[in-house]
Structure formats: structure tokens, C-alpha cells
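Grab your viewer and work through these exercises with the model open. Each one sets a task and then walks through a solution.

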Amino acid sequence: MTAHSLNSADLAAIESQLAATDQLLERNYPGDDGTRQPIHTLYVPADQFTPSLAADFGARALAAVEAHGGLEKLGALLGQDPELAASVAPRVAAKLRTEPIEDLRLDFEDGFGDRGDAAEDVAAVAAAQAVSEAVSAGSAPPFIGIRFKCFEAPTRARGLKTLDLFVSTLASTGELPEGLILTLPKVTTVAQVQAMDFAVSRLEEIHSLPAGRLRFEVQVETPQLILGPEGTSPVAQLPHVVPGRISALHYGTYDYSASLQISAEYQSMEHPVADYAKEVMQLAVAGTGIRLSDGSTNIIPVGDGVEAAWQLHGRLVRRSLERGYYQGWDLHAAQLPSRYAATYAFYREGLPAAAIRLRNYIARTEGAVMDEPATARALAAFVLRGVQCGAVGADEVLALTGVELPDLTALAHPRLAQSTSK
């Protein structure tokens with residue numbers, strides 16, 4: 001046996017040097033927790049929400065697509081070959097009938113405006129009561145919450161009061177919805193996020209909620225969050241100043257573009273300034289467990305331009321998925337068919353190749369591609385996302401890969417599997 005030179009004292013010295021690093025990685029970079037991420041967030045003005053809204057939107061989405069030739073024609077418009085379109089269409093139809101909205105945000109910000117304090121107070125309480133009713137009736141989307149006004153000086157008190165009224169009313173009705181989501185818009189500084197952390201911590205204390213129960217999303221809509229006055233990136237600091245509190249970063253297409261003086265005609269999810277901001281966001285949250293959402297397109301499938309709008313929306317959805325943004329915003333019921341059709345095609349189209357690579361990796365079989373563990377995790381996560389959104393079935397995955405869903409989840413999120421086995 002070859003003698004080695006470093007002794008136990010050397011190892012102990014290195015362990016001591018890296019203790020803080022180990023703690024940082026454990027606390028601040030836990031990785032994705034493996035739970036379901038919605039593929040979209042639909043925004044509606046807060047006072048328009050009723051317990052039947054999701055079903056109503058699903059019916060409107062189906063009517064829109066049937067009026068233009070059906071879901072298989074929509075698939076063809078989105079560039080799907082006939083076999084893929086035929087595979088996607090019934091799944092999208094079922095989705096629009098059973099779970100047309102995955103994530104719903106009742107908007108008290110741009111979609112609500114300034115109607116005076118009295119009107120917004122009433123609306124905030126009514127929204128919480130309607131959400132509670134919908135959850136009890138089983139008609140609420142799996143993820144639901146509010147976007148309140150931002151923490152800049154003119155709207156700060158109003159935003160906090162709406163947040164307070166909504167959460168406090170929900171808490172008074174009993175258990176908070178499992179999929180409750182709170183959205184902080186137009187963030188410009190780290191201090192605003194720290195203030196939000198304080199606000200929800202106090203609400204947890206007041207309503208005897210578990211610490212960390214009220215997580216929130218941060219909307220990245222200002223250039224100051226991407227590049228701060230010191231030449232650093234404030235968005236990269238957010239996961240570390242309030243670890244475990246932020247659930248997602250959402251890109252805001254139009255506020256961000258306008259802030260950079262992009263003319264209205266060219267404001268888009270695929271403008272170079274948008275791509276740069278989103279790449280910074282990806283780097284900022286890599287490994288932290290914070291999720292990402294792309295923004296929206298305001299080209300709505302109504303009137304004479306329905307098919308062109310579907311083509312644009314479907315292309316943008318696909319583009320986001322290919323770039324690692326698995327969620328985006330929708331603004332209208334008629335965008336739901338193209339959202340699901342493009343997303344389902346993405347996962348169904350990629351499933352056969354991913355399944356072969358996963359099977360070869362698990363069986364240690366040589367194939368045309370020799371995948372490393374990190375790539376195997378990415379393959380498993382891809383397939384798992386497809387199952388979670390309804391694009392593919394667990395039975396299909398088992399048949400193609402030989403892997404049961406719990407094992408697929410463990411492969412995609414090994415740290416989660418390790419923590420649950422302890």
C-alpha cells in the first residue's frame with residue numbers, strides 16, 4: 001500500500017477551514033425540494049375572483065379552441081406533427097375540464113389599480129373569503145394567492161394592509177390553503193425583501209403559524225435588482241439574506257423593458273434585455289431551491305388575430321421551457337390552450353429519448369450518450385415535471401424506463417430522498 005503524507009491533524013485543519021462553507025452549502029443551497037411547480041400563473045383582477053372562476057376559464061378556453069378547429073388544429077398551428085398533436089390534444093382537453101388553472105393570482109396591483117382605501121379593504125377581505133370558500137368546495141386551483149402593491153413609499157402602507165387583511169381573514173377561517181402564494185412586485189432593493197420577511201414573520205407570530213409558513217415570490221421588474229448602485233447584483237443576495245423564505249423569482253416583461261426605455265413595440269419576453277435579466281436570475285438562484293418563472297405576452301388570442309396569437313404564445317412558451325424556465329404568466333382564458341398544448345408537446349416530444357438515457361444510466365448500459373449523475377438528475381427531473389403537469393402518465397414512464405414514480409423522484413432529487421430516509 002502506498003504511504004500517504006497528510007495525517008489526521010491535516011484533515012482536521014481542513015475540516016475546520018471548511019466548516020463555514022459546509023454550513024453555507026447546507027443552509028443556502030438545499031436544491032429543489034421536489035414538490036410540484038405550476039407551469040403557469042394566471043393573473044386576474046382580485047375582485048373578479050369567484051369560486052367557479054377556474055371552471056369558467058376552462059370552459060371559455062375550450063370554447064375558444066373549438067371555434068377555431070379544435071385542439072389538433074391548434075397543435076398543427078404550433079408546429080406539432082399529426083401524431084404528436086393527436087397525442088397532446090386529449091390530454092389538453094382533459095386538463096381544461098379538470099384543472100384549467102394550476103396557479104391563480106388575484107391581483108391588487110396593476111390589475112386592480114387605485115380605487116381608494118375603503119374599496120380595497122373590502123375587496124381584500126372578500127377575496128380571502130372567496131378563496132376559503134373555493135378551497136372548501138374543491139374548486140380552487142392547487143396554487144392560489146394575491147399580488148399586492150409594492151413596497152415603494154407611495155404604495156407601501158396600502159400593500160401591507162392588503163396583505164394583512166387577506167392573510168388575517170384567511171387565518172380566521174381555519175387552515176391556510178396548502179398552495180397559498182404571496183407575490184411582492186416591483187422590488188428594487190434587498191431591503192424591501194427584508195421588510196417583506198419581517199411582515200410575514202409578524203403575521204406568523206400573530207396568527208400562531210409555523211415559522212416559515214408564509215413564503216413569497218419576488219417579481220424581478222426593475223433594473224436596480226439586476227445591477228445595483230455598487231455594481232453588484234442585488235437579486236443574487238436575496239436567497240441569502242432571507243434563506244428559505246423566497247419561493248420563486250418571476251420576471252416582469254413590461255415593467256422591466258419599459259424601465260430600460262425599450263419602445264412598446266419591441267417589449268417582449270425574447271428581447272435581449274429580457275434574456276440577460278433572466279440569465280442573471282438563473283445564476284442567482286441556482287441550487288437554492290428558489291424557482292423561476294418567465295413573464296407574459298400581452299398579445300391575446302381574441303378577435304381577428306387568434307391563430308397568430310396562439311402561434312406566438314406557443315413559441316414563447318416553448319422557448320422558455322428550452323431555456324430552463326418551466327413556468328410563465330398567462331393573462332386570459334384563451335391563452336390556456338396554447339400554454340398546455342406547447343408544454344405538453346415539449347414533454348411528450350422529449351420523453352422517448354430521455355427515457356432511453358435514463359434506462360441506460362440506471363442499468364449501466366452503454367448507449368450513444370454516456371451520462372453523468374448530474375445529467376441523470378436533469379433527465380429524471382424533466383420526466384418528473386412532465387408527469388406532474390399531466391403531459392405524460394406515470395404508467396408511460398414506468399413502461400419506458402422501468403422506474404416507479406418514487407424512484408424517479410429520488411433520482412431527480414437525491415438530497416430530498418436522503419433527508420426523508422433519515
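**Exercise 1. Place helix 14 against the sheet.**

Start with the helix: helix 14 lies across strand 1 (40-45) and strand 8, and runs at about 150 degrees to strand 8. Contact here means heavy atoms within 4.5 Å. Axes are lines fitted to C-alpha atoms, for helices over the stretch in contact, with angles from 0 to 180 degrees between N-to-C directions. Helices (H or I, at least four residues) and strands (E, at least two) are DSSP runs, numbered from the N terminus.

A word on ground rules: this is a predicted model, where local features need pLDDT of at least 70 and side-chain atom pairs count only at pLDDT 80 or more, while totals for chains, interfaces and linings use all residues. Residues are numbered from 1 along each chain as its sequence is written, and side-chain values use heavy atoms, leaving out hydrogens and water.

**Exercise 2. Work out the strand order and find the edges of the sheet.**

Step one: the open sheet has eight strands in the order 7-6-5-4-3-2-1-8, with parallel pairing. Two strands pair if DSSP finds at least two bridges between them. Step two: strand 7 (291-293) and strand 8 (328-330) each have a single partner strand, so one side of each lacks a neighbour in the sheet. Step three: from one strand to the next, the twist averages 30 degrees.

Now zoom in on one pair. Strand 4 (residues 180-184) and strand 5 (residues 216-220) run parallel, joined by three bridges. T183 sits opposite E217 in strand 5.

**Exercise 3. Describe how helix 3 packs on helix 5.**

Two packed helices are described by the angle between their axes and the distance between the axes. For helix 3 (residues 53-66) and helix 5 (residues 82-98), the angle is about 145 degrees and the axes are 7 Å apart. Next, list the residues: G58, A61 and L62 in helix 3 meet A93, L96 and R97 in helix 5. By class, that contact has four nonpolar, one polar and one charged residue. (Ala, Val, Leu, Ile, Met, Phe, Trp, Tyr, Cys and Pro count as nonpolar, Asp, Glu, Lys and Arg as charged, and the others, Gly among them, as polar.)

**Exercise 4. Find the partners of S168.**

First locate S168, in helix 7 (residues 156-173). Leaving out residues up to four places away in sequence, S168 touches L203 and H207.
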